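Trainee: I should like to learn how to read a ligand site. Where should one begin?

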Amino acid sequence: MDEQQHATACARIIDTYRGGYFNDRAWLREAFGSVSRAHFVPDQVWWPQRGEDGLYPLIDRTLDPERWLDAVYSARTPLITQIEDGAVTPADGATASNAFTSSISCAAVVVQMLHHLDPQPGENVLEIGTGTGYNAALLAHRVGARHLTTMEIDPATADRARRALHARGVPSPTIAVTDGESGYAARAPYDRLISTACVQQIPPAWLEQMRPGGTILTPVATPFGDDALALLTTDGHGHASGRLVAAVSFMRLRSQREPRPWRDLGWPRLPDYELTAGPDGQSVRQRSACAPRETS
Ligand SMILES: C[S@@+](CC[C@H](N)C(=O)[O-])C[C@H]1O[C@@H](n2cnc3c(N)ncnc32)[C@H](O)[C@@H]1O
């Protein structure tokens, strides 16, 4: 199969997922079909599932081009592009280290996130976590490159993304090589902000740099094992609220890697929930604020 056939097959798989992320987003289907994902993926990437030897395999485009292209268009599997902030390199081959620090998110999650973000042409958009530049290219395709700012904390990763974006022969977005936790005030206010790195706490700078009625989409760490994709509407005065729309799994924003107590981050504790079970199934609900609490 050539790349176009892979892209079509991958889009068909994504179409089978509940949520129908391409439905009522014709621009997204068109962008997915016309922006080459392969163009942005490094020639050597790690597969994020251990092989029989217990190591994460390195997939090398030169040695096995078909396997590499299959991996690029695997709907459900991200590809790891950096480990331990670059301390483990492709020259090390397969690795036992699972300290993944940069990746290209799997195609299904990229599409799911852009569906929820729903950027409109000409809107001012901020992306946190440039990574390979693939998501930035899709965003630029939609809003126009001059309306997009993308931030990457890792200089080598940003440099590679810049080259990949420039090589497409279309205008490139603004790439800021600095800590995205501070946002990018120089081009605020933003209509939409998307983070492709997970936060424990929504950075105040993101809230402050949004327009009233703007959209923030970001993975947020939760006490439940998965991260949650938060879709928030901003009031333009430093506040935002909204829903947790999906369970996802993302690498942490570098500046928020150190775990903090869930209670300090606004999450309820397990004793704040009650479980009911019966022949019809079970349900878990948050207890009302006035219900008495077990203390043990
Ligand atoms: C899942 S990857 C991004 C995938 C990317 N959007 C793509 O299309 O390939 C997350 C990226 O966030 C970057 N990152 C982590 N912490 C950051 C921070 N504080 N500011 C900016 N970028 C950060 C990482 O270096 C990594 O490249």
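**The ligand and its shell**

Mentor: Begin with the domains. The shell around the ligand draws at least three residues from each of domain 1 (3-104) and domain 2 (109-263). Please bear in mind that this is a predicted model.

Trainee: Which residues come nearest to the ligand?

Mentor: A residue is near the ligand if one of its heavy atoms lies within 4 Å of it. Here 23 residues are around the ligand, and S102, T132, E152, G180 and R254 come nearest.

Trainee: How many residues of the shell around the ligand are nonpolar, polar and charged?

Mentor: The shell around the ligand has 13 polar residues, together with 6 nonpolar and 4 charged ones.

Trainee: What is the space taken by the ligand?

Mentor: The ligand takes up the largest pocket. Two elements, β4 (100-104) and α5 (134-143), give two or more residues to the shell around the ligand. The largest share, 4 residues, comes from β4.

Trainee: Which residues place a backbone N or O atom close enough to the ligand for a polar contact?

Mentor: A polar contact is a pair of N or O atoms within 3.5 Å. A polar backbone atom of G129 is 2.9 Å from a nitrogen atom of the ligand. For I153, a backbone N or O atom lies 3.2 Å from a ligand nitrogen atom. For G180, the corresponding distance from a backbone N or O atom to a nitrogen atom of the ligand is 2.7 Å.

Trainee: How much of the ligand's area does the protein bury?

Mentor: The ligand taken alone exposes 600 Å², and the protein buries 99% of that.

How values were computed. Residues numbered from 1 in each chain as written. Predicted model: local features only at pLDDT ≥ 70, side-chain atom pairs only at ≥ 80, totals over all residues. Heavy atoms only, no water. Polar contact = N/O pair within 3.5 Å; in protein donor to acceptor, adjacent residues only side chain to side chain. Areas by Shrake-Rupley, 256 points an atom, 1.4 Å probe, with all protein chains shown as cover. 1 Å grid on protein atoms, 1.4 Å probe; cavity = no way out; pocket = protein on both sides within 12 Å on 5 of 7 lines; lining within 4 Å. Sits in = over half its atoms within 2 Å of the grid points. Nonpolar A, V, L, I, M, F, W, Y, C, P; charged D, E, K, R; others polar. Domains from an automatic or database assignment.
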